[in-house]
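Open the model in your viewer and set it to cartoon. This tour goes from the whole chain to single residues.

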Amino acid sequence: MRQKITWTQYRPLLWMLAIPVLNIFYGIQNRPGPQTYSLSTSWDEHIPFVPEFIVPYIVWYPFIVLTMIFLFRRRPSVYYRTLLALCLGLVICYMIYFFFQTTVARPDIEGSGLFDTLVRIIYWTDMPYNCFPSIHVLTSCLMHRSSFVFRARTRHFIRFTAAAIILSTLFVKQHVIADLLAGWLVAVFTYWIAGGILASWANRKLLNKRRQEQA
């Protein structure tokens, strides 16, 4: 059953500002380090470049924000867990980028259509580093995991969009298969850790309350 939320209770959404603050480190690290690695395999080489997939890739930005807002409206406890998992995941990703910087070879864009132009813009604004694990995959997997709180139609839409975003990272040549697998593993790990942290905090809060009542 959905919890009722008043307008004044929307202030916890401000915790989402932690995401752009953490993303400062993305820009700092999005450059070649002393040694840069490629995790591309023969399987990745057989994946075609499909510029139309730039649409779900770009949709990722509002998708994450809107899903988090609706999670908060639907079930605040899941919102907190997802946000904490997301922030922990970003920290883990940035640590990996620092010690193990990877890159992805990008194709030459020859077309002049709308989708090709959008790909050029993404390539221009986002250097081909900070690839392993994929943050697009990390966050999309978290939205997919937390969508269980919604009704079937909304849940299916979120999961379909998340899947399209994950696939887009391969078809626009922003990531390789290893990046996807690592992003998924980080999502699973941080969602589990976040659940344990919040449960421990809630139990401690309840224990302190009982002690105060008995005093």
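What percentage of the 215 residues of the protein count as buried? The figure is 41%. Keep in mind throughout that this is a predicted model.

**Whole chain**

Start with everything selected. Colour by secondary structure: nine helices and zero strands appear. Read along the sequence, the pattern is α-α-α-α-α-α-α-α-α. Along the principal axes, the C-alpha atoms fill a box of roughly 70 × 40 × 30 Å. Now switch on the surface. About 13,000 Å² is exposed, and carbon and sulfur atoms supply 67% of that area. Turn to contacts with a separation of 6 or more: residues 24 or more positions apart account for 88% of them.

**Annotated stretches**

Select residues 59-192. An unreviewed UniProt entry annotates this range as "domain: Inositolphosphotransferase Aur1/Ipt1". The chain here is 75% helix and 0% strand, and its end C-alpha atoms lie 26 Å apart.

Next, colour the ranges that UniProt lists, again in an unreviewed entry, as "transmembrane region": residues 12-29, 49-71, 83-101, 121-144, 156-176 and 182-202. Stop at two of them. Residues 83-101 are 89% helix and 0% strand, with end C-alpha atoms 25 Å apart. Residues 182-202 are 100% helix and 0% strand, and there the ends are 30 Å apart.

**Helix 4 against helix 5**

Select residues 54-74 for helix 4 and residues 76-99 for helix 5. Their axes come within 6 Å and cross at roughly 145°. Show side chains at the contact. From helix 4, pick Ile64, Met68, Leu71, Phe72 and Arg74. From helix 5, pick Pro76, Val78, Tyr79, Tyr80, Thr82, Leu83 and Leu86. These contact residues divide into ten nonpolar, one polar and one charged.

**Helix 4 against helix 7**

Keep helix 4 and add helix 7, residues 135-146. What angle do helix 4 and helix 7 make where they pack? It is about 35°, with the axes 10 Å apart. The crossing of helix 4 and helix 7 is left-handed. Helix 4 brings Tyr57, Trp60, Tyr61, Phe63, Ile64, Thr67, Met68 and Leu71 to the contact. Helix 7 brings Ile135, His136, Thr139, Ser140, Met143 and Ser146. Sorted by type, the contact of helix 4 with helix 7 has nine nonpolar residues, five polar and no charged. Ile64, Met68 and Leu71 of helix 4 meet helix 5, and these residues also take part in the contact with helix 7.

**Backbone stops**

Most residues other than glycine have a negative phi, and most peptide bonds are trans. The next stops depart from that pattern.

Zoom to Pro133, in the loop between helix 6 (114-125) and helix 7. The peptide bond from Phe132 to Pro133 is cis, with omega near 5°.

Step back to Asn130, in the loop between helix 6 and helix 7. Its phi is positive, about 50°, although Asn130 is not a glycine. Is Asn130 buried or exposed? Asn130 counts as buried because its relative accessible area is 2%, under the 20% limit.

Finish at Lys173, in the loop between helix 8 (152-171) and helix 9 (177-214). Lys173 is another residue other than glycine with a positive phi, here near 60°. Its relative accessibility is 15%, so Lys173 also counts as buried.

Definitions and conventions. Residues numbered from 1 in each chain as written. Predicted model: local features only at pLDDT ≥ 70, side-chain atom pairs only at ≥ 80, totals over all residues. Heavy atoms only, no water. Axes fitted to C-alpha atoms, helices over the stretch in contact; angles between N-to-C directions. Helix = DSSP H or I, 4+ residues; strand = E, 2+ residues; numbered from the N terminus. Contact = heavy atoms within 4.5 Å. Nonpolar A, V, L, I, M, F, W, Y, C, P; charged D, E, K, R; others polar. UniProt positions renumbered as here; feature names shortened; annotations may be inferred. Buried < 20%, exposed > 50% of the residue type's maximum accessible area, 1.4 Å probe, protein only. Areas by Shrake-Rupley, 256 points an atom, 1.4 Å probe, with all protein chains shown as cover. Left-handed = near helix turned anticlockwise from the far one by under 90°.
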